[in-house]
Amino acid sequence: MWANLETALQLDQVEIAPGATNISLVRMLKNTTDQEVHMILSWNFTNTGWRMEPASSSITMKPGAELEYRCEGGGVLAKLLPLPGLEVTLQVGAFPPRVYMGGLTARVRRQAAVAFLPQSPRVDGVIEASEYDGAESQGLFYEMHGRGTASVQTVFRTAYDRETLYIAVSVQEPLPGSIIANATNHDGQVYMDDSVELFVDPAAMSSDYFQFIVNMKGVMFEAFGSSRTARFGDPSWNGEWRAAVKPAPGGYAVEVAIPFKTMGVAAPVQGATWGLNVARTRTVQAKDMASRELSAWSPTYTGFHRPTHFGRILFR
């Protein structure tokens, strides 16, 4: 019964397609013991876009009995966050009661188009709309664990020419004077600073990927990762790429240029799909490491190095 309950409460695999407006989840719980089970079930949610069945109840299950619990949400995903949690107090026979916590995590597979540029943009930290003509803006960054949207947002555009992938990131920051950028050496602890991270998976196989980070001083870090070998963020890999950072209205702007040859691949053909994630570390007002705000375009749940949760980009 205990294992069955723990499985039933693992609700962190809610696949939500981009643009989805309705979410429905059903879970079954079965009393696999030979004793009567008493259970107090309570959903914790504040968003009126959700409907729970049963929302809160005291239930007695006989041996072999099954319980179905269902949650449904309506509206755009951003309006449904944070997602609900579930608390179950369970008592089997004369054993002491045990409390289990479960919760929903939105697993969102983000998608974006990459515009082809007939003329290469200047990588100078000044994002000119004319230089990224046809490149769509992508925003709505989520807290890394997918429980809600980031408190301060980030927007980016992707584009390419015959030799290079370009990513232009507009980072909102209402307190620019509090930005932390302590790293000064290439491949130093740039990821500890206020920074932007890019994760690129050219094969879209959710295994090997390249990581590029730049802090607000323009200090750079690059690494290679592979989920096949548990090699995450290995800075011994070095590649040539460019980055520029400048203050911008409401925050700052980051421009990155990554040659395809740096990643050992040919220029993608029209219609090719790659894996990509754009992430951000915000240390402003953080009291310690645990209180930093980590956000990403495609939430990764337990850390940025999760290629199975990267978004997808389609080269046009």
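A salt bridge is a side-chain nitrogen of Lys or Arg within 4 Å of a carboxyl oxygen of Asp or Glu. By this rule, a search of the whole structure finds seven salt bridges. The structure is a predicted model, and the legends below describe several close-up views of it.

**Figure 1. The protein as a whole has one helix and 21 strands.** Of its 316 residues, 51% count as buried. The protein exposes about 14,600 Å², and carbon and sulfur atoms supply 51% of that area. Among contacts with a separation of 6 or more, 63% are between residues 24 or more positions apart.

**Figure 2. Strand β19 covers residues 273–282 and is mostly covered.** Nine of its ten residues are buried. Which strands pair with β19? One is strand β13 (residues 195–201), joined to β19 by seven bridges, with the two strands antiparallel. Phe199 stands opposite Asn277 of β19. Another is strand β21 (residues 311–315), which runs antiparallel to β19 and is joined to it by four bridges. Here Trp274 stands opposite Ile313 of β21. Strand β20 (residues 293–296) also pairs with β19 in the antiparallel sense, over four bridges. The bridge partner of Arg282 in β20 is Glu293. In a regular strand the side chains alternate between the two faces of the sheet.

**Figure 3. Tyr160 and Phe315 form an aromatic pair between two strands.** A pair of aromatic rings is described by the distance of the centres and the angle of the planes. The count for the protein comes to 15 aromatic pairs. Why is the pair of Tyr160 and Phe315 edge-to-face? The ring centres are 4.9 Å apart and the planes stand at 90°, and planes over 60 degrees apart count as edge-to-face. Tyr160 belongs to strand β11 (residues 154–160) and Phe315 to strand β21, so the pair links parts of the chain 155 residues apart. Both Tyr160 and Phe315 are buried.

**Figure 4. Phe260 and Trp274 form an edge-to-face pair.** Their ring centres are 5.7 Å apart, with the planes at 80°. Phe260 lies in the loop between β18 (251–259) and β19, while Trp274 is in strand β19. The two residues are 14 residues apart. Are Phe260 and Trp274 buried or exposed? Phe260 is buried, with a relative accessible area of 2%. Trp274 has 4% relative accessibility and also counts as buried; the cut-off for buried is under 20%. The view can be widened to one aromatic cluster, formed by Phe116, Tyr160, Phe260, Trp274 and Phe315. This cluster includes Tyr160 and Phe315 from Figure 3.

**Figure 5. Arg282 and Glu173 meet in a salt bridge.** Side chains of opposite charge can pair when their charged atoms come close. For Arg282 and Glu173 the distance from N to O is 2.6 Å. Arg282 is in strand β19, and Glu173 is in the loop between β12 (164–172) and β13. The pair links parts of the chain 109 residues apart. Arg282 counts as buried at 8% relative accessibility, and Glu173 is buried with a relative accessible area of 1%. Arg282 is also the residue whose bridge partner in β20 is Glu293.

**Figure 6. Lys62 and Glu36 form a salt bridge between two loops.** The closest N and O atoms are 3.5 Å apart. Lys62 lies in the loop between β5 (56–61) and β6 (66–74), and Glu36 in the loop between β2 (22–30) and β3 (37–44). The pair therefore ties together parts that are 26 residues apart in sequence. Lys62 is exposed, with a relative accessible area of 56%, whereas Glu36 counts as partly exposed at 44%.

**Figure 7. Asp208 and Arg228 meet in a salt bridge.** The distance from N to O is 2.7 Å. Asp208 lies in strand β14 (residues 208–215) and Arg228 in the loop between β15 (220–226) and β16 (231–234), so the pair ties together parts that are 20 residues apart in sequence. Asp208 is partly exposed, with a relative accessible area of 23%. Arg228 counts as exposed at 58% relative accessibility.

**Figure 8. Arg122, Asp124 and Glu131 are linked in a network of salt bridges.** Which residue of this network is the Arg? Arg122 is, and Asp124 and Glu131 are the other members.

Key
Residues are numbered from 1 along each chain as its sequence is written. This is a predicted model: local features need pLDDT of at least 70, side-chain atom pairs count only at pLDDT 80 or more; totals for chains, interfaces and linings use all residues. Side-chain values use heavy atoms; hydrogens and water are left out. Buried means under 20% relative accessible area, exposed over 50%, partly exposed in between (1.4 Å probe, protein chains only). Two strands pair if DSSP finds at least two bridges between them. Contact means heavy atoms within 4.5 Å. Accessible areas come from the Shrake-Rupley method with a 1.4 Å probe; for residues, only the protein chains shown count as cover. Rings of Phe, Tyr and Trp (its six-membered ring) pair if their centres lie within 6.5 Å; planes under 30 degrees apart count as stacked, over 60 as edge-to-face and the rest as tilted.
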